[in-house]
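Hi there,

Here is the structure I promised to pass on. Have a look at it first, and my notes come after it.

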Amino acid sequence: MAISMRVGVVPFGVAEGDLNRDGHSGDNSVSVFLGTGSGKLQSQITFSVGSIPYEIALGDFNKDGHIDIVTAKQDMQASSNDTVSVPLGPGSGGFQTQAVFGVRETPISVAVGVFDKDGNPYIVATNAVSNTVSVLLGNGAWDFQTQVTFDVGMSPVDVIADNFNGDDYLDNLVGNVGENTVGHLLGKPCDS
């Protein structure tokens, strides 16, 4: 039997992590449910992340040992304001003020990974209208370089990061709903 929990309007993404470091994981907002360790979840903690958040992913963007969140967000008034936002997690299950970084039109999905050997987490976002992915290189201190974009197939709506060819660099698979294809972006050192 499925257990349902009420969340904000139009929930679009789900991620799992031990947000308060207790060993248990489990409407323009993100809802967090902390695990109890017994297969149950505590009451939701909700916080605003701004205009139309889509998918979320987890990473430690300032390398403090606490899980942070990244959300892909659309601005219905001006696509030039489409962003990813990164609220820092202090390790208690809540989140601090968010930093916002620009991406291309209509970000839907985000993935996080360490794409080269510097150990800093990077963000990859699919941009459905511009048929691109944005890569934001992290410096490990809650800051990211200006996006680098790569053309992919029509209407990319999902991205995952993993080492698909065994070369020690994360690659990206991108689901392109507009042409029913999956694109493969091979990872390489960021300085080459």
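Below are some notes on a sheet and two loop residues.

This is a predicted model: local features need pLDDT of at least 70 and side-chain atom pairs count only at pLDDT 80 or more, while totals for chains, interfaces and linings use all residues. Residues are numbered from 1 along each chain as its sequence is written, and side-chain values use heavy atoms, leaving out hydrogens and water.

Let's start with the open sheet, where 4 strands (DSSP runs of E, at least two residues, numbered from the N terminus) run in the order S7-S8-S9-S10 with antiparallel pairing. Pairing here requires at least two DSSP bridges between two strands. Strands S7 (107–113) and S10 (148–151) are the edges, each pairing on one side only. S7 pairs with S8 (residues 122–127) over 5 bridges, in the antiparallel sense. Valine 112 has isoleucine 123 in S8 as its bridge partner.

Next, leucine 170 sits in the loop between strand S11 (156–162) and strand S12 (171–176). Leucine 170 has a relative accessible area of 18%, so it counts as buried (under 20%, with a 1.4 Å probe and protein chains only). Leaving aside residues up to four places away in sequence, leucine 170 touches Gly113, Val114, Phe115, Ala161, Asp162, Asn163 and Gly187; contact means heavy atoms within 4.5 Å.

Finally, histidine 66 lies in the loop between strand S3 (53–59) and strand S4 (68–73). Histidine 66 is buried too, with a relative accessible area of 19%.

Best wishes

Definitions and conventions. Buried means under 20% relative accessible area, exposed over 50%, partly exposed in between (1.4 Å probe, protein chains only).
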